[in-house]
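Let's walk through this structure together, one piece at a time. Keep the sequence and the model side by side as you read.

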Amino acid sequence: MPLTSDQVREILSPHPLAIAIYNNLVDFFGNGFLVEKQVTGSQSTFVFDIDPYPLVFKKVVACVVVDAGNVPASLTHELLHLKLGSLGFPRLYGINNVDPILSAGQVQVIYTQLSNVVDHDIFLDEFLATGLPRGDFLRRMSKRENPEELISVLKDSRIKGLPKKYARPRYYFEYLKTWITGNHLHNLEDLEIANRLEAGAREWLDPMGTDLERIRQWFQIGAHRSPETYVESSNHLLGILGLPPATFYHLERSISGQIMAVL
Ligand SMILES: [Zn+2]
């Protein structure tokens, strides 16, 4: 169910900088921007709704679950994902490859989740500047997979729909997600799990730990934090994980206010 502007501003009222983020999105996207509330559901989400062929912008949506957690925080988080689109940050379009297996769900999920995690690294500081608590930046999964179990599942390639040759990218992605989320939330449990995943990688995939060190350096270099270098940087990260490059589109606003999606 859509929320009115007044309702959104009421939810965000203790956080003027969050209201400013909302106002920026209204200015940029106009009618092509909706905030919806869901009464039930586990997680707030955002949508860049485009038609892929031909590429046409339809709308952007922030969808917030109102009966769980810190509502201003989860709404602000979703708005910040959308704001990256308004700032010209390229958005994931497709996977640039000739390998039909890459369209398999599990591999697609890595691309989508990876771009989410990269987004988080770009806008964490702006989230904190609103005064919202770091611990509410995102919701950790209530039940973390046991790292030892995850290691053995990935080694055996027992994950449904995941071809064996993608076990390594999947494993590196799991490390990346856990390590960066631990850093974003200052969560020691995640960082401890990341250490155990790193130990598992050294036994199995990456004896010198060089690949995981390259992942950490990639975040420190930070080339993904600028729209101009985002594509090159993202594809570099995919390469470290052992995945083919992706293609991206970006959004532009014409003088008349029309939003265009451009490859
Ligand atoms: Zn997010």
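Helix 3, made up of residues 71-86, lies across strand 2 and strand 3, and its direction is at about 165° to strand 3. Please keep in mind throughout that this is a predicted model.

The strands under discussion here belong to an open sheet of 3 strands, with the order 1-3-2 and mixed pairing. Strand 1 (33-38) and strand 2 (45-51) are at the edges; each has a single partner strand, so one side of each is left without a neighbour in the sheet. From one strand to the next, the twist averages 25°. Look next at how strand 1 meets strand 3 (residues 56-65): the two run parallel and are joined by 6 bridges. For a concrete example, find V35, whose bridge partner in strand 3 is A62.

Now let's turn to another sheet. Here 3 strands come in the order 4-5-6, again as an open sheet, and the pairing is antiparallel. The edge positions are taken by strand 4 (91-95) and strand 6 (259-262), each with a single partner strand, so one side of each is left without a neighbour in the sheet. The twist in this case averages 30° from one strand to the next.

Strand 5 (residues 246-253) and strand 6 deserve a slower look. They run antiparallel, with 4 bridges joining them, and they form a hairpin with 5 residues between the two strands. In the turn you will find G257, which has a positive phi of about 95°. Two pairs help you trace the register: L251 stands opposite A261 in strand 6, and H250 stands opposite V262 in strand 6.

Which side chains of strand 6 point to one face and are buried? They are I259 and A261, while M260 and V262 point to the other face and are not buried. The general background is that side chains in a regular strand alternate between the two faces of the sheet. A261, the residue opposite L251, is thus a handy place to view pairing and burial at once, as its side chain is on the buried face.

From the sheets we can move on to a pair of helices. Helix 6 (residues 167-185) packs with helix 8 (residues 210-221) at an angle of about 45°, and their axes are 11 Å apart. Helix 6 and helix 8 are therefore oblique to each other, and their crossing is right-handed. On the helix 6 side, the contact is made by Y172, Y175, L176 and I180, which meet D211, L212, I215 and F219 in helix 8. The residues of this contact divide into 7 nonpolar, no polar and 1 charged.

Stay with helix 6 a little longer, since P169 is also placed in this helix. Is P169 buried or exposed? With 20 other C-beta atoms within 10 Å, P169 is buried, because a count of 20 or more is what burial requires. Leaving aside residues up to four places away in sequence, P169 touches I110, L241, G242 and L243. I240 also makes a good landmark here: I240 and P169 are 71 residues apart along the chain, yet their C-alpha atoms are separated by 8.6 Å.

Key:
Residues numbered from 1 in each chain as written. Predicted model: local features only at pLDDT ≥ 70, side-chain atom pairs only at ≥ 80, totals over all residues. Pairing = 2+ DSSP bridges. Axes fitted to C-alpha atoms, helices over the stretch in contact; angles between N-to-C directions. Parallel < 35°, antiparallel > 145°, perpendicular 65-115°, else oblique. Left-handed = near helix turned anticlockwise from the far one by under 90°. Contact = placed C-beta atoms within 7 Å. Nonpolar A, V, L, I, M, F, W, Y, C, P; charged D, E, K, R; others polar. Buried ≥ 20, exposed ≤ 12 C-beta atoms within 10 Å, placed from the backbone.
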